[in-house]
Amino acid sequence: MSILDKASLIQIPSGYKSGTLYSIKPNTANPIEEISNGDFSGGTTNWSSPDYNSTLSIISGEMRIVSTISLGRVRQGIATIIGKKYLATATITNIDSSTGIQLKLSNGSNLDGAFFDSSFNTTTNAVTITHEFTATATTTYIGSSHGSSIGQSALLDNVSVKRVVSGDGDFTFSRSSSGTRVNSEGLIETTQVVSTTELVTNGDFSSDSDWTIESTWTISGGAANGNGASGSTQELKQTLVNTIGKTYKATFEVLNYVSGTVGFWQGSGISVIPRSANGIYTEYFTATSAEIRFRGTNFNGSIDNVSVKEVDYLNIPRLDYSDGSCPSLLLEGQSTNLLPYSNDFTQWTIQSGVTATHNTTETLSPDGTNNATKFVGNGTTGVFKSGVSVSGIVARSVYLKSVSGTVNVILKDPNVTITQKSLSVTTEWQRFELIEDNTSSSQGLWVDDIPSSGIYMWGGQLESGDYSTSYIPTIGATATRTADVCNNAGTSATFNSTEGVLFAEIAALADDSTDRRITISDGTTNNRMAIGFDNASNKIKYFLISSNTIQVNQDISVDDITQFNKIAFLYKENDFKLYMNGSLIASDTSGSTFSANTLNVLNFAGYSGTSQEFYGKTKQLITFNEALSNEELSDLTGQVNTSFVQLANFYNYTIL
């Protein structure tokens, strides 16, 4: 049986929508069976009728109960947790139709509790009945009550009691800005949900209709064609059913390119990005009018396959594949790219001796499009962006790739007083970083000593702080990615407050001396337990506070918290353990846990959800409603999964 059969909440990054990160909810009942010998394969073992005399026998795998007094009964006692829900099922067959058979339940010393199902007066058909109940004692009895006369009998079979662990396991998610991730194809993209509704009519130009065209444009042959005539900018436009202020995704294809430029434009304030080569192009814009336009300047060529659809990129969780084929949930704090033109290098200073080919078609960019710039230099000069108004430590980053072979360039600040880095640039895209304070209030990014063989450059970023965050594109102004907030999973039905395990496979974004927590609590500081990263260097912390009293609180040293570690925190009365990467790391045999039904919420943050936010990467997050064995904890934290397929196979998941 898989360890996950015992889980109460499973978050393996897979599904999301705007405002929600989906978790996997277990079956309605925990697969751990509380009844012994419920199918009577062991005869009458574990079953008795000590208080109400009945004779028990097995007939064709079913228990026959013959009453030796009026209302004869049979029972089995099971251990239950007060306040927790259970699901009881059984198959019953009445033989004596005059009196019927009933299944009974009691949280006491006998079966005097209320019936949980009515009488069945059938003589031939077996009936399966179910009942969900909340335990009110540590021992619960289940059994049958039947007959009103001596000698009457009935059959009982397939008796089962399993604990109900269902609850709301989905997280609420918010980020009031766009955010990028590395997708499963290794490309950088803005996380988004795109509508299926097409807003463009006749986007494939199958007819000469629906578009307003100026003199240099014609529609024929299944395309819109520019004739390359000189003169002022000429437009091709259409009025859409869009909403001012909403965000849209526009795509179009340039075909048969000869000369000139063409660009997508949408109202005042939206810049035209000139395209001067065949290719498929994607633009995002916030609507300022109901029109879309293509502007051609001496454009000789065609456009086709125009599409505009509404896109939502706010409050979308980021399932990031930058660490391989197994995704992780990426959570970051707020950051701003202070370079106003992150990828439009026409706005950067290109030094003498360097030539630039913008939007080169020679290579695909890290986002999978043709929007990188090729720079060819003389080995002593380069390209830079200066004059960024910021003080303190800043993280500079840029993507570089060589045209051929391995070449060396310099990464530095326009204020050359800081340490410069010598970079080894290969034919594969890499993100290079330089993190330092140049001691002035004006900082920048400089790629120098560009060789004559050339390099490709994409996605410059400069942000305040001591590590680089995910790429934040800018067009003409600084841009801010707001913080990811992922909280509010679970209810009191999801977690066992008296014992269980909190497991996570996590990596920090940086060893930045801040507290970052994953917490189960009752929403207060008085009752909470957590694992996460400490404000001391390369420390993992785990603790449990019950009734405002610290029960366990330890820091564990690791080599590098930016690497993934698999951590399991077991909590039980006088039994606390931390397993990591297959081994027992720490234990404590003294302390209390929580009263039943105390824990009710799981946050990627502290107990309130508004401090000690967990900024990091999470491949797995699982809670268990029972204390696992040492062997299970070792297996849980020791398995290494390098791909989503391996992860699914280990847990016996089916990939659809």
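**Close-up views of the predicted model**

**View 1. Arg181 puts its side chain 2.8 Å from the backbone oxygen of Leu319.** Keep in mind that what you see here is a predicted model. The arginine, Arg181, sits in strand E14, which covers residues 180-182. Its side chain also makes a polar contact with the side chain of Glu189, at 2.7 Å. So is Arg181 buried or exposed? Arg181 is buried, because its relative accessibility is 13% and the cut-off for buried is under 20%. If you skip the neighbours within four places in sequence, Arg181 touches Tyr16, Leu187, Ile188, Glu189 and Thr191, plus a run of Arg318, Leu319, Asp320 and Tyr321. Two names on that contact list, Glu189 and Leu319, are thus the polar partners already mentioned.

**View 2. Strand E23 pairs with strand E21 over 13 bridges.** E23 spans residues 291-312, while E21 takes in residues 247-265, and the two run antiparallel. To find your place in this pairing, look for Tyr248, which stands opposite Glu310 in E23. In general, strands of a sheet pair through backbone hydrogen bonds, in either the parallel or the antiparallel sense.

**View 3. E23 also pairs with strands E16, E19 and E20.** How many bridges join E20 to E23? There are six, and E20 (residues 234-239) runs antiparallel to E23. In that stretch, Lys237 faces Arg293 of E23. Strand E19, residues 223-227, adds another antiparallel pairing with E23, this time over four bridges, and there Asn225 is opposite Ser302. Then there's E16, just residues 193-194, which pairs with E23 over two bridges, again in the antiparallel sense. Val194 has Val311 of E23 as its bridge partner.

**View 4. Five strands make an open sheet in the order E27-E30-E35-E32-E33.** The pairing in this sheet is antiparallel. Which strands sit at the edges? They are E27 (349-350) and E33 (421-425), each of which pairs on one side only. Further in, E32 (residues 407-412) and E35 (residues 442-448) run antiparallel and are joined by three bridges. Leu411 is the residue to look for here, as it stands opposite Val447 in E35. As a rule, side chains in a regular strand alternate between the two faces of the sheet.

**View 5. Cys326 and Cys486 are both buried cysteines.** Cys486 counts as buried because its relative accessibility is 1%. Cys326 gets the same label, since its value is 3%. If you're hunting for disulfides, the count for the model is zero, going by a cut-off of 2.5 Å between cysteine sulfur atoms.

**View 6. Residues 109-123 stay under 50 in pLDDT.** The model still gives this stretch 59 contacts beyond four places in sequence. Where pLDDT is low, though, predicted coordinates shouldn't be read in detail. For the protein as a whole, the mean pLDDT is 86, with 84% of residues at 70 or more.

**View 7. Zooming back out, the protein has two helices and 48 strands.** Of its 656 residues, 51% count as buried. Its accessible surface is about 26000 Å², and carbon and sulfur atoms account for 46% of that. Now take the contacts between residues at least 6 apart in sequence: 72% of them join residues at least 24 apart.

How values were computed. Residues numbered from 1 in each chain as written. Predicted model: local features only at pLDDT ≥ 70, side-chain atom pairs only at ≥ 80, totals over all residues. Heavy atoms only, no water. Buried < 20%, exposed > 50% of the residue type's maximum accessible area, 1.4 Å probe, protein only. Contact = heavy atoms within 4.5 Å. Areas by Shrake-Rupley, 256 points an atom, 1.4 Å probe, with all protein chains shown as cover. Polar contact = N/O pair within 3.5 Å; in protein donor to acceptor, adjacent residues only side chain to side chain. pLDDT = per-residue confidence, 0-100. Pairing = 2+ DSSP bridges.
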